[in-house]
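Biologist: I would like to learn how to read contacts, cores and surface patches in a model such as this one. Could we go through them one at a time?

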Amino acid sequence: MMNLVLMGSVIMIISIFMLIIVSLISKKSFIDREKSSPFECGFDPKSSARLPFSLHFFMIAVIFLIFDVEITLLLPLIVSLEMSNLLNYSIIMMIFILTLLIGLFHEWNQGALNWTT
């Protein structure tokens with residue numbers, strides 16, 4: 001038992017020593033002003049933070065997330081095909097796809113998919 005505790009202590013001391021050595025070796029001594037400044041998606045970090053932001057980017061991202069989540073809900077339906085009745089499976093799949101198409105048609109009618117400047 002004492003031998004295992006001693007072995008564990010030695011392994012922990014070696015691990016800590018290796019972490020310290022790697023941390024000291026990997027430090028970069030060359031500090032560049034541009035590399036140390038934050039990069040914010042291509043915007044100049046020294047300018048005003050209150051720049052106008054196009055809501056089209058946000059709307060496209062939200063629409064993508066909605067349809068992406070619904071596609072992940074379709075995948076278990078494919079697996080459940082083996083365990084269910086073909087008629088029930090077809091009805092559920094058609095209702096789900098019809099819901100997706102109605103949502104897409106609604107977004108299209110609202111103009112969320114039009115990219116205007």
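Biologist: Which residues does Leu-100 touch, not counting residues up to four places away in sequence?

Modeller: This is a predicted model, and in it Leu-100 touches Phe-67, Glu-70 and Leu-74, once residues up to four places away in sequence are left out.

Biologist: Which residues make up the largest nonpolar core?

Modeller: The largest nonpolar core has five residues, and Leu-100 and Leu-74 belong to it together with Leu-77, Tyr-89 and Met-93. Two or more residues come from each of helix H3 (55-79) and helix H4 (86-110), and H4 provides the largest share of this core, three residues.

Biologist: Which residues does UniProt list for "transmembrane region"?

Modeller: The unreviewed UniProt entry lists residues 6-25, 55-80 and 86-105 under that name. In the model, residues 55-80 are 96% helix and 0% strand, with end C-alpha atoms 39 Å apart, while residues 86-105 are 100% helix and 0% strand, with end C-alpha atoms 28 Å apart.

Biologist: Turning to the surface, which residues make the nonpolar patch of about 910 Å²?

Modeller: That patch is made by Phe-57, Ile-60, Ile-97, Leu-101, Leu-104, Phe-105, Trp-108, Leu-113 and Trp-115. H3 and H4 each supply at least two of its residues, and H4 gives the most, with five residues.

Biologist: Is Trp-108 buried or exposed?

Modeller: Trp-108, which is found in helix H4, counts as exposed because its relative accessible area is 54%, and exposed means over 50%.

Key
Residues numbered from 1 in each chain as written. Predicted model: local features only at pLDDT ≥ 70, side-chain atom pairs only at ≥ 80, totals over all residues. Heavy atoms only, no water. Core = buried A, V, L, I, M, F, W, Y, C linked by side-chain atoms within 4.5 Å. Buried < 20%, exposed > 50% of the residue type's maximum accessible area, 1.4 Å probe, protein only. Helix = DSSP H or I, 4+ residues; strand = E, 2+ residues; numbered from the N terminus. Contact = heavy atoms within 4.5 Å. UniProt positions renumbered as here; feature names shortened; annotations may be inferred. Patch = residues over 30% accessible without salt bridge, like charges linked within 9 Å, V, L, I, M, F, W, Y side chains within 5 Å. Areas by Shrake-Rupley, 256 points an atom, 1.4 Å probe, with all protein chains shown as cover. Salt bridge = Lys/Arg side-chain N within 4 Å of Asp/Glu carboxyl O.
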